[in-house]
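Trainee: Please take a close look at a single part of this structure and describe it in detail.

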Amino acid sequence: MNQHSRHPWPTAPARDVVHVDPIVLQIVEGTLNSIEAEIEYAIERTARSPMIREAHDYRVGLFDRYCRKLTGRSYSAMPNAVVRDFPPETMKAGDVFLMNDTYLTEGSIGHLPDLCSTVPVFHEGIVVAYIQAFGHHDDVGGKVPGSMPGTAATVFEEGMAIPPVKIYSEGVKNDAVFTIIKRNTRVPEMLSADLDSEVQACLMGARRMQGLFERFGKDQVEACFQAILDKCRDIYRNELLSKIADGEYAWEDYVEHDGLTDPKLHKIAIKMTKKAGKIVLDFNGTDPQSTGPINWPTDYADGAFLIKWIAPILRNLADTPERAAEIHVNEGVCDVFEIVFPPKGTLITPEWPAATNARSFVLLRSLGLLAGVVAKAVDGRMPADQETIRYTGFYGNDADGKPFLSREVLGGGSGGRYYADGNDAIHIVPDSRNQPAEFTETRFPVMVEKLALSTDSGGAGLRRGGQGYEKHYRALVDCRTIVTADRVRLGCYGLKGGKAGEPFCVTVDAEGEARKLGGLVDGAEVKKGQVVQVVTTGGGGWGDPLTRELSLVLRDVIEGRVSIAAAGRDYGVVFTAASTADEPAIDEAATAAKRAALAKARPSDLPMIDRGEGYEKMLRGEFRPRM
Amino acid sequence: MSQTAAPRFRIGIDTGGTFTDIVSVDAATGAMAVTKVSSTPSNPAIGLVRGVNDILARADAGPADVAGLAHGTTVATNALLQGGIESLGLIVTSGFRHLLEIARQSVPDGYGNSYFWVKPERLVPLQFVREVGGRFDFKGNELRPLDETMVREAARFYRKHKVQAIGICLMHSYANDSHERRVAEIVAEEYPEATLSLSCVVLPEYREYERAVTTLVDAFVKPYLDRYLKRVHDELGPLQSVPFLVMQSSGGVASSEQILRKPITTALSGPAAGALGSAVIADVAGFPDLVTLDAGGTSTDFCLIENAKPQLTNGGSVGQFPVRIPMIDISTIGIGGGSIAWISREGHLKVGPRSAGAVPGPMCYPNGGNEPAITDANLVLGRLPPALIGGGIALDVARARAGIAALASTLPGNMTAQQLALGIIEIANWAQANAIRQMTIQRGIDPRTFALLSFGGAGPVQSPAVMDLLGMKACIVPPNPGNLSAFGLLAVDWRTDHMVTKVMHEDAIDLADIAQRYAALEKEAVANLERDGIPASQIRLVREADLRYAGQSMEVRVTAPAGPTDAGFLAGLTGAFHAAHRKTFGYDYAGQQKIELVNLCVSGFGVIDRPQMPKLTAGDGKFAPKGTRPVYFDSGFVDTPLYDRATLPPGAKIVGPAVIEEFGSTTMIFPKQYVEVDPHGILVIRPEWSKEAM
């Protein structure tokens, strides 16, 4: 252990200006990005879990010997826990480590299905870097198939937890570990093949990284690493933080259920302090840890995972969306943020063995939480809220009596931005894809009757929120439906006068008695012939809807994104009596009068953030449990 | 003009953005001729015909001597990449009006981009997407009849709004096309001026979004191709009676009439010709496994040739549009001879993707740009001759050097102009090497077992260094490396592709049904080829099938056994699938998991007589450098011998450093590398460590 380090892993020495060859720097930076892509391609080619192959739920990371992440197209896990338990001076070439324990991985693994492999890179006998990959595997045991029980109260119900262990010693496989792992999953062959795929891909990446050190030498390559980290830090300081006035800003957002108590507001609080070149995020005030599985253990390694997870949100402050897309977020960003955690025992500082498998609720809210508090600091020049991950599906026996399970991740609308409307029906995970209806129908006993955007779901605004899905499935056999979703009552918030979007809702027997389900459902009954309607969240609106250009409202109505009723109610737009569905026409004089009347009837200062009606109802206790 | 009895010239024309390349082969002698004319972007037909006349004039021949013309065009590609979307309509099944808006819900690139990314406009605005009632299940059983009233209303709506090109994509139409065909009839009655593309014709394959977009792209490019091919026909004048063939993305040609029935097949016509030419070289040179590197002014294209065949994909895209028809699998990066070296906002040196293009061009060009490009760097290092193609126009070395020196002065390290130029080239080489690694890893291939084939104007001056970076076994440079695409056009068979989706589980395979479907596809293929005048004796049919493990969604295409579809057929097909799955993904489930048959495909080929690549005449084997030039390497300038490629006899061997110059291209042999001229005049460059060298 480095005696100067505050942590059980080495800390990079402070240095002044880094001298680096500008040519080697470009080669090293380009090659790091390429190595990351090469490892991803290798995993994509050989992994077997559908969550990895089809939903693209896997991440690769390249790190220097101080556990600092060098690439930044995506988030990833971290090698710190491995280095904590296996000091680098004891590592040998050909060693490979595995882990998934949500409490013993320094905050880098959030739920158990994410098994993470780590490979050290050697140069002249010492460890100079780490290569890492984790994938969302289909099953690691626990009380339900898929290892994501919505009603888990402890980690023991969620599956097998693996603290950092060595699974290859100098190239020799530790068969005992694999024997134990395979005995603890419902899909032993698939899981062990996935692990092989990830390990081999990391080893290939390690050889490539080693090649860089051999070609350019350790001093030069490490100087390049530092320059790459510094570049990220400097872009954040010079281009993004500079847009935020020094001062303190506070906000809070909520998860609305935890699988065991429904509904209930679970608060995540944030206080942002901006001062010269630095942002301090204080999460004190966050609610106690939940009895259900929505806890997210983040208070490790100075919050390095949390920082790298939420920091990309600040890219929305870049001058243009094109510039934002160019900014890669690596460990350099940790020089810009400081996290103040609440004491142990909250939603983001839970104590073992609190369950964590639905931590994605808190994880996704943390993005909107930061976006919201920044919005307050920059007069709303941030995107309104989005919620784009939830799991819905069906299981039962098909007409031949064979069991089936279909699971799908449906996205939602994104929030309006000052420069554009929100996007319709998108997903936050890069390159994740929905299921074609023609595939669903071939494979499962359901028929897709409608695959559409939900009219009026996007929050009203000068820049409207994107629309969520409206998807209708007709069950062709008796079966059960499963749901794991947040934002079932609280809509995605609107910004700077924009309105909140419509929340998520699953309705069983939509053509009959229309039963509405809650957000964490492990198996509601569906009869043959009934239609299950899934409506996903619309994005929040941005800016005052009464100022939206009439031509845009007209187009929204022509295209059926906004109903004539909502155009009147939310946008103050009146249509002529002669209007038809195909050819609506705006009555401009009546519209001007209506807009003036609506403006007069509301408070003159529009709220920066609109949480929508659901929030008021939650506060008044008007929602019944739907579990 | 000569008075020969039989027409003997076959002519390939590859129209690029700057130049139109023409290659002719004399069937009587095997002699090959090449030329280049400037492209005429406003009406590419003019440049095309000018080039043909030019090459005929050089051979003292006339229209009567021409046996056939084969053409690679970027008209469809450019329409897709740049074209303003002309008004299009789309007819879908009730409930699916938002198909295009939803797409596959993907946000491209990085994590967190979903907050600021702006979804591009759809191919058809929602207003012009119309629903019609009627529904099939996935087996093609009718659940609800077609609502003909809704179809008529839609047709009248399009007529009223003057929406002329209409795509029709109904649910499960690959399993039952009757509703789509009926929709087409009704629309034709109500609105005879409309051009229609039917998804059951363009892409009868499951996955409604990709099928709809592919169908719309077909409808979209139709008017462009139609207009273009008419213009070509008009310009051809006395050549109008000569067969005129167009290259398809799949690497086969078809007549213009055939192309106009399904114009989407030309989406990647141009690059496909280069890949086909490369495949011929791969075979002739004895390097059947190659990575091709085609470096132009703004970008470099890569393609994998395995066993002397270019890799095809049916999961490709052009720009943002998924185009799920068979096409040569090409990947592209934004590095070419015109790529600019510049300083980013953060003060870092960057090379590309910004490009000086052909206009203004690199700094060294007459009236060139004001920022140094890769070509300037090569020139400053002495690696390129100080004059443009053929020596006509002098290049301004001093200006290029000054530009690079000025850039160097803004960077740390006190670099000389030569040192920075070397660095610029090094960055470009690594970018190309990384791109090759990515594409080979995606297919589980080790690049060290492959050779590199370098062509295009900006390839061979750097590629031998890329070979070294990747540890590849050789870098080969074909004769006339600037004209390989046009040459490829002469080495291409007729091709027509047909497919149908029919999902069958291993336990429920209906062999009679398969036989019937293959027979129907084969009939379509033969009919298409016969329509183009191919005699039955020259038609070759290849059956393929897409299979997957039951329950998965990743199909693999394999060649299906010919002959009767019996138990042996099924065993052969399944065996081929397991093997292909292992090759593609590194594992198989033979004996563990059931398979599912998904698509049946038939490709029909009209086999042509390939031109033999002429061999060099041996002579006395003597050759000598035409002079020397100082060329800069790591340790400074070295007096380096210059060779004129035309003077190198077969079997000639040279140890680097050396520069080999020819019309339109320069090949650099780096110190300690070896080059050998093969019997066909192909340069084979080997690394220092190669045992095969010398």
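Mentor: What follows concerns one helix and its surroundings.

This is a predicted model, in which local features need pLDDT of at least 70, side-chain atom pairs count only at pLDDT 80 or more, and totals for chains, interfaces and linings use all residues. Residues are numbered from 1 along each chain as its sequence is written, while chains are lettered from A and ligands numbered from 1 in the order in which they are written.

The part chosen is helix H16 of chain B, residues 567-585; helices (H or I, at least four residues) and strands (E, at least two) are DSSP runs, numbered from the N terminus. H16(B) has 19 residues and spans 27 Å from its first C-alpha to its last, close to the 27 Å expected at 1.5 Å a residue, where the expected span is 1.5 Å times one less than the number of residues.

Its buried residues are B:Phe569, B:Leu573, B:Phe577, B:His578 and B:His581. They lie on the same side of H16(B), because they cover an arc of only 165° around the axis, the arc being that of the directions from the helix axis to the C-beta atoms. An α-helix has 3.6 residues a turn, so residues three or four places apart point the same way. The face turned away from the buried side of H16(B) carries the exposed residues B:Gly568 and B:Ala571. A residue is buried if 20 or more other C-beta atoms lie within 10 Å of its own, exposed if 12 or fewer, and partly exposed in between, with C-beta atoms placed from the backbone.

Among the elements covering the buried residues of H16(B) are strands E26 (539-549), E27 (556-559) and E28 (595-606) of chain B. Just after H16(B), B:Gly586 adopts a positive phi of about 90°.

Notes: Contact = placed C-beta atoms within 7 Å.
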